[in-house]
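Please load the model in your viewer, with the sequence panel open beside it, and follow the selections below in the order given.

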Amino acid sequence: SKGTYEFYMLKEICEQPGVLRHLEQFYLDQNGEPQIKAKIIDMLAAADRLYIFAAGTSYHAGLVGKVLFEKFAGVPTEVGFASEAGYHFPMMSKHPLFIFLSQSGETADSRVVLQEAIKRNIPSLTLTNVPNSTLAREATASLSLEAGPEIAVASTKAYTAQIALEAILAKALGEKIGNENARAFDLKTAFALAAEGAEQVISSKEKIEQLAQKFLLPSRNAFYIGRGIDYPLALEAALKLKEVSYIQTEGFAAAELKHGTISLIEKGTPVIALINDPLTADLMRGNIQEVIARGASVITIASKKLAVDDDDIVLPEINYYLTPLVSVVVAQLFAYYASKDKGLDVDKPRNLAKSVTVE
Ligand code: M6R
């Protein structure tokens, strides 16, 4: 039940620190070493390339997964929309492994790709929140997201669980095949800090609601911009906001705006800027100035080390590769309040169902 929460979406957003702590207990031992069945790690280690297929929010978690698998396991990883791959099968490496990401485990687009994989004898692994779902049963192996039932149509805690589990798998695989980054990746500490960080964001929800009321509610459109790992995050943040508030929102790789889309910026257009990547933080500041010069109302979300005095939201410092686990909570809360304060049905946005079982 919703308990004291007005909507499931807020309840599920607030459950995320607990989900991270549970995943840490469930999949890591006391020394922070991943506890994943040998059969699954051997299957991953036998692949020369990983292919992640998913839809919507799960696809966005896949984009972060690519960064994690390439950094901590050194295995080239591709991410595709299941709906496209089903009919335009990508060119395969010699020893591919397919990873399906799906909260429900029932998404029709992903099931089509899995059927094709089975026909071609390609091994597969499903990460899902519903362990007895079709995608879990039909894949070679499956792992549970352990996020607990997700009721709101907008996916929140399943996204964080997917990224956390991808990080665990990336470390486990990297260690198996001798990647140095994997050994140095202190997941136990990183998860603890991410859970605390998410908690801190949740405790600042009044401020996020005020920003949403001031900048998002009056607007018909908005942008999220980011670079590095903040780019896939911008895509997810934008999907969340448009899905529940009906404010047309696009997520952009920050520097791409000036290649065309900047013409849409007018006086007062909200642009939410994510600044977690130390390599491109200065460039982000430049991109922010570009949109301010065209009249945008900018909201900045920055990691502590990269923050400047007048940033709107400052996030506690955590491992760069896990920053999506914290920044996404800000984005989810922006979406939640933009929808709720417009008087919309947050949990059941128009035209949508929780799981999309048609192609
Ligand atoms: O159950 P799945 O993870 O396979 O669902 C995929 C998408 O339909 C889903 O993430 C959808 O985009 C959400 N409503 C987004 O909040």
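A residue is called buried when its relative accessible area is under 20%, exposed when it is over 50%, and partly exposed in between. With that cut-off in mind, select Lys188, which belongs to helix α10 (residues 187-203); because its relative accessibility is 28%, Lys188 counts as partly exposed. Keep Lys188 selected and add Leu257: the two residues are 69 residues apart in sequence, and their C-alpha atoms are 37 Å apart in space. Please bear in mind throughout that this is a predicted model.

**Aromatic pairs between two strands**

The next stop concerns ring contacts, of which the structure holds 13 aromatic pairs. Start with Tyr51 and Phe98, whose rings form a tilted pair at 5.7 Å centre to centre, with 55° between the planes. This pair links distant parts of the chain, since Tyr51 sits in strand β1 (residues 49-54) and Phe98 in strand β3 (residues 96-102), 47 residues apart. Tyr51 and Phe98 are both buried.

Now move to Phe53 and Phe100, where the ring centres are 6.2 Å apart and the planes meet at 35°, so this pair is tilted. Phe53 belongs to strand β1 and Phe100 to strand β3, so the pair ties together parts of the chain that are 47 residues apart in sequence. Are these two residues buried or exposed? Phe53 is buried, with a relative accessible area of 3%, and Phe100, at 0% relative accessibility, also counts as buried. To see the wider arrangement, select Tyr51, Phe53, Phe89, Phe98 and Phe100 together, as ring pairs link these residues into a cluster.

**A charge over a ring**

Select Tyr246 and Arg350 and turn the view until you look along the plane of the tyrosine ring: Arg350 lies over the face of Tyr246, at 3.8 Å from the ring centre.

**The largest pocket**

Centre the view on Ala55, Gly56, Thr57, Lys354 and Val356, which, among the 26 residues that line the largest pocket, lie nearest its centre. About 540 Å³ of space lies in this pocket. Which elements each supply at least two residues of its lining? They are α4 (56-72), α5 (82-85), β3, α6 (108-119) and α12 (230-245), and the largest share, four residues, comes from α4. If you colour the lining by residue class, you should find ten nonpolar, twelve polar and four charged residues.

**A side chain in strand β3**

Return to strand β3 and select Ser102, which lies in that strand and is buried, with a relative accessible area of 2%. Show the backbone of Gly105 as well, and draw a distance from its nitrogen to the side chain of Ser102, where a polar atom lies 2.8 Å away.

**Residues far apart in sequence**

Three further selections compare separation along the chain with separation in space. Select Glu243, found in helix α12 and buried, with a relative accessible area of 15%; between Glu243 and Ala335, which are 92 residues apart in sequence, the C-alpha to C-alpha distance is 8.2 Å. Then select Ala73, in the loop between α4 and β2 (77-81), which is likewise buried, at a relative accessible area of 5%; Ala73 and Arg183 are 110 residues apart in sequence and 9.8 Å apart in space, C-alpha to C-alpha. Finally, select Asn31, in the loop between α2 (16-27) and α3 (38-45), which counts as exposed at 66% relative accessibility; the C-alpha atoms of Asn31 and Leu315, 284 residues apart along the chain, are separated by 27 Å.

**Two asparagines with positive phi**

The tour ends with a look at backbone torsions. Asn121 has a positive phi of about 60° although it is not a glycine; Asn121 lies in the loop between α6 and β4 (124-128) and is exposed, with a relative accessible area of 69%. Where should you look for Asn351? Asn351 is in the segment after α14 (324-340), has a positive phi of about 70° although it is not a glycine, and is exposed, with a relative accessible area of 78%.

Methods. Residues numbered from 1 in each chain as written. Predicted model: local features only at pLDDT ≥ 70, side-chain atom pairs only at ≥ 80, totals over all residues. Heavy atoms only, no water. Phe/Tyr/Trp six-rings, centres within 6.5 Å; stacked < 30°, edge-to-face > 60°. Buried < 20%, exposed > 50% of the residue type's maximum accessible area, 1.4 Å probe, protein only. Lys NZ or Arg CZ within 6 Å of the ring centre and 35° of its normal. 1 Å grid on protein atoms, 1.4 Å probe; cavity = no way out; pocket = protein on both sides within 12 Å on 5 of 7 lines; lining within 4 Å. Points joined across faces, edges and corners; volume = space filled by probe spheres on them. Nonpolar A, V, L, I, M, F, W, Y, C, P; charged D, E, K, R; others polar. Polar contact = N/O pair within 3.5 Å; in protein donor to acceptor, adjacent residues only side chain to side chain.
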